[in-house]
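Open the model in your viewer and keep the selection box ready. Each stop tells you what to pick and what you will find.

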Amino acid sequence: MLLAFIWVTQFSQGYINEENSNIMAEQAGVKIIKITETLWEQTEGLQAIEVTVFEEKVNESQKKETTKKGVFWGFLDKNGQEIIETKYDVVWKFCDGLSKVKLSGKWGCINKQGEEVIPTVYDTLHFSTDGLIQVQKKGKWGRLDTQNNVIIDCKYDYVFPFYDGLAGIKVGKLYGYVDKTGAEVISPTYDEVWFFSNGRSQVRKGDRRFFIDKHGVICE
């Protein structure tokens, strides 16, 4: 849905740094055109927006040239006022008070005041079914809580959600489990693992499938 306003700024001289604009210019006769679109429906009282910025100027042949300068994302409040600056590469819908955002190619999370709760330093970031945040940094995966406390360090080839208090981990081609303190309670020695339920999980080692308890002991 396209919002019913387009900002056009005419520069006469000097620098212009208009409110809500990430563009500065110092050339006479340049126009900055900002087109704003709403994204999705409002979530938790905030409306995601995408602002596309174009620069228009007259070239040496006296013909107009329009150049796309960038796309920036942010949020409006219920009154249509910009409450979170349109500076992000991408924003996501708010969920339980947080939105995942991308800035300068890195992911993090902000709250509804625009404060960075999870710093934008991660290559990948996902909200997980267990209420934690799954992050990837330099090719390795870990998990955080919503207050940026590290639950599992970014040192594994993959980390699965917690079920029944344990999360599967992958190291190379092998799998094991960690608890919610990040301790490896079952070393990565299995070719496949499943989720724990009622204190036990199915695993595979070679051609053999069997169940283990939370201490790695085979269930009879």
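Select Q136 and W141 together. W141, in β12, is the bridge partner of Q136. Bear in mind as you go that this model is predicted.

Now widen the selection to the two strands. Pick residues 133–137 for β11 and residues 140–144 for β12. How many bridges pair β11 with β12, and in which sense? There are 5 bridges, and the sense is antiparallel. Together β11 and β12 make a hairpin, with 2 residues between the strands. Click on K138 in that turn: its phi is positive, about 55°.

Stay on W141 and look toward β13, residues 150–156. Here the bridge partner of W141 is Y156. β12 and β13 also run antiparallel, paired over 3 bridges. This hairpin has 5 residues between its strands. Select N148 to find a positive phi near 70°.

Show the surroundings of β12. Is this strand enclosed or open? It is largely enclosed by the rest of the structure, because 4 of its 5 residues are buried. As you step along a strand, remember the general rule: in a regular strand, side chains alternate between the two faces of the sheet.

**Salt bridges**

Next, turn on side chains. Side chains of opposite charge can pair when their charged atoms come close. Select K140 and D157. Their side chains meet in a salt bridge, 2.6 Å from N to O. K140 belongs to strand β12, whereas D157 sits in the loop between β13 and β14 (158–163), so the pair ties together parts that are 17 residues apart in sequence. K140 is partly exposed at 31% relative accessibility. D157 is partly exposed too, at 28%.

Move to K106 and D123. What joins these side chains? A salt bridge does, with an N to O distance of 2.3 Å. K106 lies in β8 (residues 106–111) and D123 in the loop between β9 (116–122) and β10 (124–127), so this pair links parts 17 residues apart in sequence. K106 has a relative accessible area of 31%, which makes it partly exposed. D123 counts as partly exposed at 28%.

Now go to E192 and R209. They form a salt bridge, and their closest N and O atoms are 3.6 Å apart. E192 is in strand β18 (residues 192–193) and R209 is in strand β20 (residues 208–213), with 17 residues separating the pair. Check exposure on both sides. E192 is partly exposed at 28% relative accessibility. R209 is partly exposed at 46%.

One more selection: K31, E56 and K64. These residues are linked in a network of salt bridges. Across the whole structure, a search finds 8 salt bridges.

**Zoom out**

Clear the selection and show the whole protein as a cartoon. What does the secondary structure consist of? You will see 20 strands and 0 helices. The protein has 220 residues, and 39% of them count as buried.

Switch to the surface. The protein exposes about 12,500 Å², and carbon and sulfur atoms supply 47% of that area.

Finish with contacts. Consider those between residues at least 6 apart in sequence: 26% of them join residues at least 24 apart.

How values were computed
Residues numbered from 1 in each chain as written. Predicted model: local features only at pLDDT ≥ 70, side-chain atom pairs only at ≥ 80, totals over all residues. Heavy atoms only, no water. Buried < 20%, exposed > 50% of the residue type's maximum accessible area, 1.4 Å probe, protein only. Contact = heavy atoms within 4.5 Å. Areas by Shrake-Rupley, 256 points an atom, 1.4 Å probe, with all protein chains shown as cover. Salt bridge = Lys/Arg side-chain N within 4 Å of Asp/Glu carboxyl O. Pairing = 2+ DSSP bridges.
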